[in-house]
Amino acid sequence: MNDRPLSGAPTARDTVLALAPSRIREVANAGLGDPDVLPFWFGEPDEVTPAFIRNAGIAAIERGETFYAENLGIPELREAVAAYVSRLHRPTAMDEVAVTSSGMSALMLAVQALVEPGDRVVVVTPLWPNLTEIPKILAGNVVRVPLRFSPSGWTLDTARLLAALVPGTRALLVNSPNNPTGWTLEVPAIEAILAHCRRHGIWIVADDVYERLYYRSAASPLHCAPGFLDRATGDDRVISTNSFSKAWLMTGWRLGWMVAPRALVAHLGTLIEYNTSCAPAFVQRAGLAALRDGETVVAHTRERFRHARDLLVGELNSIRGVTAAPPPGAMYAFFRVDGIDDSLAFCKALVRDAKLGLAPGGAFGPEGEGFLRWCFAASDARLAEGLARLRRFLSARPPSPAP
Ligand SMILES: Cc1ncc(COP(=O)(O)O)c(C=O)c1O
């Protein structure tokens with residue numbers, strides 16, 4: 001029997017009411033619409049999608065590709081993703097690939113496919129809040145394992161993570177290179193985690209959207225961060241989710257993919273049917289052009305961001321009270337500012353008084369409190385103006401008490 005009260009405002013179920021609204025949005029809402037605000041709060045490159053990718057989408061619309069497509073994606077794109085993953089990681093066939101309507105949707109589908117109410121899901125934090133909230137929508141029980149910060153970077157205590165992956169854990173959700181810290185898994189940790197998860201039948205959901213935005217000396221000739229797909233076979237309980245958004249400058253197209261064991265892929269097709277049914281065919285044609293001819297776009301994007309990272313991190317560290325570690329991957333500086341204990345209030349004041357839009361570290365979990373996130377996918381001129389605003393704002397603040 002449903003004993004929910006009939007009175008009160010019509011609203012969502014309790015699990016949804018308990019979801020944390022995005023604090024990045026909360027800051028952005030305070031400044032959106034103000035043309036004087038310089039925003040670096042969202043994770044979005046500032047360049048329009050390259051013309052050859054846009055034109056592939058336009059041509060498909062003009063050819064009349066306006067109908068439903070296959071649940072798992074058009075065969076040409078699934079083939080192209082399989083070939084791309086084979087070049088980057090390990091031989092992969094088309095029947096291990098599902099095309100999705102964004103990287104976000106791929107993550108939701110992975111969790112829908114695996115997590116029953118009450119299942120234990122382990123995440124490495126600080127972390128993009130979408131990844132910690134998705135399992136909660138499905139009533140999963142999220143357990144956080146924090147990274148450690150030092151001025152030289154964020155590190156994972158692998159033993160601590162393995163201890164959290166107790167037998168019976170359903171899945172590990174891990175984003176590497178990581179949003180917001182840039183922390184990136186290294187091969188020994190990948191091997192230890194994979195061996196442990198194999199032993200206990202734990203699924204690994206690897207969010208690989210930033211794998212091409214990796215700045216350490218080439219880990220592979222294709223400049224790709226090390227990942228679980230390098231070591232896992234098609235029989236392992238490993239799902240890799242990915243997206244066209246960042247490396248190919250396609251955030252607004254909403255296109256992504258998953259690589260998963262064959263036996264799961266058919267069920268992903270069923271889930272896609274009941275979520276979005278399919279990614280639009282003309283968007284998939286644009287994705288196909290990106291994979292076929294887009295290596296120069298990826299290389300250009302990575303080098304541009306590497307330059308922006310070096311500029312931003314160098315300048316941030318020259319400000320008194322600021323500590324920024326150079327991130328090995330992704331597109332964010334996640335830096336500490338002495339004296340901040342409420343990053344949300346700080347970011348709101350920063351928007352109001354300095355017209356500078358940054359994301360509060362607390363949005364990424366309690367481990368991120370005291371930090372700010374700055375997306376550096378931007379031009380030198382914008383970064384320099386943002387830095388000038390931050391300097392002015394910090395120098396107008398009363399000095400923080402000596403530690
Ligand atoms: C860690 C991480 N995963 C996944 C995504 C999803 O990207 P999209 O939904 O645009 O494909 C993002 C976007 O910001 C992200 O930061």
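**Entry 1. The ligand site**

I looked first for the space that the ligand takes, and found that this space is the largest pocket. I note that the model is a predicted one.

I then listed the surroundings of the ligand. There are 14 residues around the ligand, and those that come nearest are Gly103, Asp207, Ser243, Ser245 and Lys246. I sorted the shell by residue character and obtained 5 nonpolar, 6 polar and 3 charged residues.

Which helix gives the most to the shell around the ligand? I found that helix α5, residues 103–114, does so, with 3 residues.

**Entry 2. Polar contacts of the ligand**

I looked up the distances from oxygen atoms of the ligand to polar atoms of the protein. For serine 245, a polar side-chain atom lies 2.6 Å from a ligand oxygen. For lysine 246, I read 2.6 Å between a polar side-chain atom and an oxygen atom of the ligand. At methionine 104 the partner is a polar backbone atom, with an oxygen of the ligand 3.0 Å away.

I next checked how far the ligand is covered. On its own the ligand has 400 Å² of accessible area, and the protein covers 93% of that area.

**Entry 3. The chain as a whole**

I counted the secondary structure of the chain and recorded 14 helices and 15 strands. Along the principal axes, the C-alpha atoms fill a box of roughly 60 × 55 × 50 Å.

I compared the radius of gyration with the value for a compact globule. The chain has 21 Å; a compact globule of 403 residues would have a value near 22 Å, so the two agree.

**Entry 4. Cis peptide bonds**

I examined the peptide bond between threonine 125 and proline 126 and found it cis, with omega about 0°. Proline 126 is placed in the loop between β3 (120–125) and α6 (129–137).

I also recorded a cis peptide bond from asparagine 179 to proline 180, where omega is near 25°. In this case proline 180 belongs to the loop between β7 (171–175) and α8 (187–200).

**Entry 5. Positive phi values**

Where does serine 277 lie? I located serine 277 in the loop between α10 (262–275) and α11 (281–293). Its phi is near 75°, which is positive although the residue is not glycine.

I noted lysine 355 as well, a residue other than glycine with a positive phi, near 60°. Lysine 355 has its place in the loop between α13 (343–354) and β13 (356–357).

Notes
Residues numbered from 1 in each chain as written. Predicted model: local features only at pLDDT ≥ 70, side-chain atom pairs only at ≥ 80, totals over all residues. Heavy atoms only, no water. Near = heavy atom within 4 Å. Polar contact = N/O pair within 3.5 Å; in protein donor to acceptor, adjacent residues only side chain to side chain. Areas by Shrake-Rupley, 256 points an atom, 1.4 Å probe, with all protein chains shown as cover. 1 Å grid on protein atoms, 1.4 Å probe; cavity = no way out; pocket = protein on both sides within 12 Å on 5 of 7 lines; lining within 4 Å. Sits in = over half its atoms within 2 Å of the grid points. Helix = DSSP H or I, 4+ residues; strand = E, 2+ residues; numbered from the N terminus. Nonpolar A, V, L, I, M, F, W, Y, C, P; charged D, E, K, R; others polar. Rg over C-alpha atoms; globule rule 2.2 N^0.38 Å.
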